[in-house]
Amino acid sequence: MKKPDGKVVLLGDMNVGKTSLLHRYMERRFQETVSTVGGAFYLKQWGPYNISIWDTAGREQFHGLGSMYCRGAAAVILTYDVNSLQSLTELEERFLALTDSASADCIFAIVGNKVDLSDDCTLPPDENRPEKSGASCGSKVRKQVRAEDAIALYKKILKYKMLDEKDVPAAEKMCFETSAKTGYKVDYLFETVFDMVVPIIVRQKAEGPPQTVDITDYKPAKRTKSGCCA
Ligand SMILES: Nc1nc2c(ncn2[C@@H]2O[C@H](COP(=O)(O)OP(=O)(O)OP(=O)(O)O)[C@@H](O)[C@H]2O)c(=O)[nH]1
Ligand SMILES: [Mg+2]
């Protein structure tokens, strides 16, 4: 197997569509998924570099693995469901701390997935939020999370990381809305992130191998019959 030069990690609550986004990008289709167990990765050739893209499990029981997957990551894609405010809140409360093990110059992207369920129902900024999830908006569900909410989270991340807004990509550039189902903005998301991680990969390579063990170097002692990689 080719050795990855850099790592991108998808984090976020269960059911937000991390696996579906990765399938859509790598396999060019939307297919039924099962909730991820542990983690799995794809390798993507980007220019002269091999980038490993890690899909992690959002389920609470696998939470402890998150910081291991993030170790040395050049980028973290924090994913939520635009129809679930709770899934955005979880990014701050549960997932952000897992990124402490990422590279010091790690890029952060915030991705609101499943816009196909609500893309023509954006809540106007001056309107109160619906009381309950699933408020009707024509034939679609009203979107619960506004782009401004994601931008506010990005700014909180910069504060948490003690980064200056001037030194990092603008919030508007790093907050995306996607649909794994229709493919909307999925290529744009991954390709923007890949372009941004190249300088980090170049620096990481110049500095030599990391002193910490990388999960991507892990070689199982014995393969199961199915060759499972979960
Ligand atoms: N309508 C719609 N459904 C989606 C989209 N992305 C994912 N889904 C559905 O949402 C459910 C969860 O998707 P997954 O990709 O398995 O979610 P996940 O974030 O990987 O979940 P965990 O592995 O449990 O952490 C599945 O039923 C998907 O078919 C999308 O963009 N639009
Ligand atoms: Mg999954």
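Let's start with the two faces of strand β5. On one side sit I107, A109, V111 and N113, on the other F108, I110 and G112, and all of them are buried. In a regular strand, side chains alternate between the two faces of the sheet. Here both faces are covered. Put as a count, seven of the seven residues in β5, which spans 107-113, are buried. Keep in mind that this is a predicted model.

What does β5 pair with? Strand β4, residues 75-81, runs parallel to β5, and seven bridges join the two. For a reference point on your screen, find L78, which stands opposite I110 of β5.

Next, ligand 1. There are 22 residues around it, and K18, S20, T33, S35 and D116 come nearest. By class, that shell breaks down into 10 polar, six charged and six nonpolar residues. Which element gives the most to the shell? That is helix α1, residues 18-27, with three residues.

Now some individual contacts to oxygen atoms of ligand 1. From T33, a polar side-chain atom lies 2.6 Å from one of the ligand's oxygens. With G17 the contact is through the backbone: a polar backbone atom is 2.9 Å from a ligand oxygen. K181 also uses its backbone, with an N or O atom 3.2 Å from an oxygen of ligand 1. As for cover, ligand 1 taken alone exposes 650 Å², and the protein buries 90% of that.

Ligand 2 is a magnesium ion. Which residues coordinate it? T19 and T36 do, each through OG1, at 2.0 Å. The two are 17 residues apart and link distant parts of the chain: T19 belongs to helix α1, while T36 is in the loop between α1 and β2, the latter being residues 39-46. Are these two threonines buried or exposed? Both T19 and T36 are buried.

Last item, an arginine. R94 is in helix α3, which covers residues 85-95. Why does R94 count as buried? Its relative accessibility is 12%, and the cut-off for buried is under 20%. The side chain of R94 has a polar partner as well: one of its polar atoms lies 3.1 Å from the backbone oxygen of G58.

To recap, β5 is covered on both faces, the protein buries 90% of the area that ligand 1 exposes when taken alone, and the magnesium ion is coordinated by T19 and T36. That's what I have.

Notes
Residues numbered from 1 in each chain as written. Chains lettered and ligands numbered in written order. Predicted model: local features only at pLDDT ≥ 70, side-chain atom pairs only at ≥ 80, totals over all residues. Heavy atoms only, no water. Near = heavy atom within 4 Å. Polar contact = N/O pair within 3.5 Å; in protein donor to acceptor, adjacent residues only side chain to side chain. Areas by Shrake-Rupley, 256 points an atom, 1.4 Å probe, with all protein chains shown as cover. Helix = DSSP H or I, 4+ residues; strand = E, 2+ residues; numbered from the N terminus. Nonpolar A, V, L, I, M, F, W, Y, C, P; charged D, E, K, R; others polar. Donors = N, O, S within 2.8 Å, 3.2 Å for Na, K, Ca; no water. Buried < 20%, exposed > 50% of the residue type's maximum accessible area, 1.4 Å probe, protein only. Pairing = 2+ DSSP bridges.
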